[in-house]
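Thanks for making the time this morning. I would like to walk through one model with you, going from the overall picture down to a few individual residues.

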Amino acid sequence: MMVPAATTTPRSRGTGAMLAAFAGALVVFLADPFATLSSSAAFVSAPQPAGRLLARSSQHSAADEPSTAMSASWKWVEPTIPEDLVEAAKEEGFRLRPKYSHMKIGYVVSDKNSKTRVALVEYFLFNAKYGAYYKRSKKKHFHDEYEVSKLGDVVLITPYRKKSTMKSYRLVEVLKKSSVPTRV
């Protein structure tokens, strides 16, 4: 469709073209942010399906429902970070993961259930009367979609919408793998 030159100014056309180019580049980057990396690079955390941050749930197909924003079922997949970037960041003294509010660090004490782990989170409280700290601990059930964490691992978990009666946290990252044999 041709638009008369009198209705649009050259400045507004240039801004729109620049905005469209930026939006296109952003879509390409979000679709595959590590396209320049080799496929043999080691990754930390959960595998990323189809190179996207949000993956369509497999229980819905396009033929069953119309494709609208309300009917689409998306699940969160934690973005993966190449191992060499994690090591470089650790040497320089900063982290690549985002900081979630109310993050907790704990030990995996149970991995019996599928996609569900139990972490023991230890913390300290202060007694004002005696002026001393004392240790408390809680067991937190968390969702591990790809079953990355094993018994004895140190994990970083964050609050998430309730998946079940007990499960209201999700796995962000396995901070330290356990080298001790779990079952003899």
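Let me begin with burial: a residue is called buried under 20% relative accessible area, exposed over 50%, and partly exposed in between, using a 1.4 Å probe and protein chains only. On that basis, buried residues make up 21% of the 184 residues in the protein.

Before going further, please keep in mind that this is a predicted model, in which local features need pLDDT of at least 70 and side-chain atom pairs count only at pLDDT 80 or more, while totals for chains, interfaces and linings use all residues. Residues are numbered from 1 along each chain as its sequence is written, and side-chain values use heavy atoms, with hydrogens and water left out.

The protein has two helices and nine strands, taken as DSSP runs numbered from the N terminus, with helices being H or I of at least four residues and strands being E of at least two. Read from the N terminus, the order of these elements is α-β-β-β-β-α-β-β-β-β-β.

Which strands form the barrel? Five of them close it in the order 5-6-7-9-8, with mixed pairing, where two strands pair if DSSP finds at least two bridges between them. From one strand to the next the twist averages 50°, the axes being lines fitted to C-alpha atoms and the angles running from 0 to 180 degrees between N-to-C directions. Within this barrel, strand 5 (residues 104-110) and strand 8 (residues 154-159) run antiparallel and are joined by four bridges, and G106 has V155 as its bridge partner in strand 8.

Turning to the loops, the one between strand 7 (132-143) and strand 8 contains E145, and E147 lies there as well. E145 counts as partly exposed because its relative accessibility is 26%, and its C-alpha is 8.2 Å from that of L171, although the two are 26 residues apart in sequence. E147, at 32% relative accessibility, is also partly exposed, and its phi is near 50°, a positive value in a residue other than glycine.

A further positive phi, near 65°, belongs to K115, which is found in the loop between strand 5 and strand 6 (116-127) and is partly exposed at a relative accessible area of 34%. As background, most residues other than glycine have a negative phi.

Finally, the charged end of R170 sits over the ring of Y100, 5.1 Å from its centre, the criterion being NZ of Lys or CZ of Arg within 6 Å of the ring centre and within 35 degrees of the ring normal.
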